[in-house]
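Take a moment to look over the sequence and turn the 3D structure around in your viewer. Then let us walk through it together, from the whole chain down to single residues.

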Amino acid sequence: MNPFNQISVEELAQMLSSDAREQLQLIDVREPDEVAIAHIDGFEVLPLSQFANWADSIPTRFDPQAETIVMCHHGIRSAQMCQWLSRQGFTNLRNLAGGIDAYSAAIDPSVPRY
């Protein structure tokens, strides 16, 4: 069984436009060049390729009990990150199904697709 759930882009959009946004921890695991093309405000960028640079800081930067949504381009790398975070004791993880590409297609066409 997965230690995390999927969240749809529709659910994410609803949460981002509500008061719940303040309680969310938002993590984008894409590379800096990808983020330069397309991003959603509020996501902290932690590129998987730079894992060694930020892995040790995760326990002090994020609350393992807070709702944490992880995003990448299509949902594969963010699922890997969710697996890793769950091993670090995170208990409220959500992987953005379809990633930023699905968000752009279904929610906000002003977010460029690549």
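## A walk through the chain

Starting at the N terminus, the elements of the chain follow the order β-α-β-α-β-α-α-β-α-β-α. Counted up, that makes six helices and five strands. Please keep in mind that you are looking at a predicted model.

How compact is the chain? Its radius of gyration is 13 Å, close to the 13 Å that the globule rule gives for 114 residues, so the chain is as compact as a globular protein of that length. If you draw a box around the C-alpha atoms along the principal axes, the box comes out at roughly 35 × 30 × 25 Å. Inside the chain, 46% of the 114 residues count as buried. On the outside, the accessible surface comes to about 5,900 Å², and 50% of this surface belongs to carbon and sulfur atoms.

Now think about who touches whom. Take the contacts in the chain with a separation of 6 or more: residues 24 or more positions apart account for 66% of them. You will meet examples of contacts across the sequence below.

The UniProt record adds a label here. In an unreviewed entry, it lists residues 20–112 as "domain: Rhodanese". Over that stretch the chain is 37% helix and 15% strand, and the C-alpha atoms at its ends lie 26 Å apart.

Let us zoom in on helix H1, which covers residues 9–16. Which residues of H1 are buried? They are Val9, Leu12, Ala13, Met15 and Leu16. Looking down the axis of H1, you would find these buried residues within an arc of 165°, so they line one face of the helix. As for their partners, the buried residues of H1 pack against strands S1 (5–7), S2 (25–28), S4 (68–71) and S5 (93–96), and also against helix H6 (99–106).

Helix H6 is a good next stop. Its buried residues are Gly99, Ile100, Asp101, Tyr103 and Ser104, and the buried residues of H6 pack against H1, S4 and S5. Pick out Asp101 from this group. With a relative accessibility of 13%, Asp101 falls under the 20% cut-off and therefore counts as buried. Leaving aside neighbours within four places in sequence, Asp101 is in contact with His73, His74, Arg113 and Tyr114.

Helix H5 is next, with two residues worth visiting. One of them is Leu85. Is Leu85 buried or exposed? Its relative accessible area is 0%, so Leu85 is buried. Not counting residues up to four places away in sequence, Leu85 touches Ile27, Ile58, Thr68, Val70, Phe90 and Leu93. Leu85 and Pro3 are 82 residues apart along the chain, and their C-alpha atoms are separated by 9.3 Å.

The other residue to visit in H5 is Met81. At 1% relative accessibility, Met81 counts as buried too. Again leaving aside neighbours within four places in sequence, Met81 is in contact with Ile27, Val29, Leu46, Leu48, Trp54 and Val70. Notice that Ile27 and Val70 appear among the contacts of both Leu85 and Met81. For Met81 and Ser8, which are 73 residues apart along the chain, the C-alpha atoms are separated by 17 Å.

Our last stop is the aromatic rings. A pair of such rings is described by the distance of the centres and the angle of the planes. How many aromatic pairs does the structure hold? There are three. In one of them, Phe51 and Trp54 meet edge-to-face, with 5.1 Å from centre to centre and 75° between the planes. Both residues lie in helix H3 (residues 51–54), three residues apart, which is about one turn of the helix. Phe51, at 31% relative accessibility, counts as partly exposed, whereas Trp54, at 4%, counts as buried.

Phe51 also pairs with Trp84, again edge-to-face: here the centres are 4.9 Å apart and the planes are at 85°. Phe51 lies in H3 and Trp84 in helix H5 (residues 76–87), so this pair ties together parts that are 33 residues apart in sequence. With a relative accessible area of 15%, Trp84 is buried. Put the three residues together and you have one aromatic cluster, formed by Phe51, Trp54 and Trp84.

Conventions:
Residues numbered from 1 in each chain as written. Predicted model: local features only at pLDDT ≥ 70, side-chain atom pairs only at ≥ 80, totals over all residues. Heavy atoms only, no water. Buried < 20%, exposed > 50% of the residue type's maximum accessible area, 1.4 Å probe, protein only. Helix = DSSP H or I, 4+ residues; strand = E, 2+ residues; numbered from the N terminus. Arc of directions from axis to C-beta. Contact = heavy atoms within 4.5 Å. Phe/Tyr/Trp six-rings, centres within 6.5 Å; stacked < 30°, edge-to-face > 60°. UniProt positions renumbered as here; feature names shortened; annotations may be inferred. Rg over C-alpha atoms; globule rule 2.2 N^0.38 Å. Areas by Shrake-Rupley, 256 points an atom, 1.4 Å probe, with all protein chains shown as cover.
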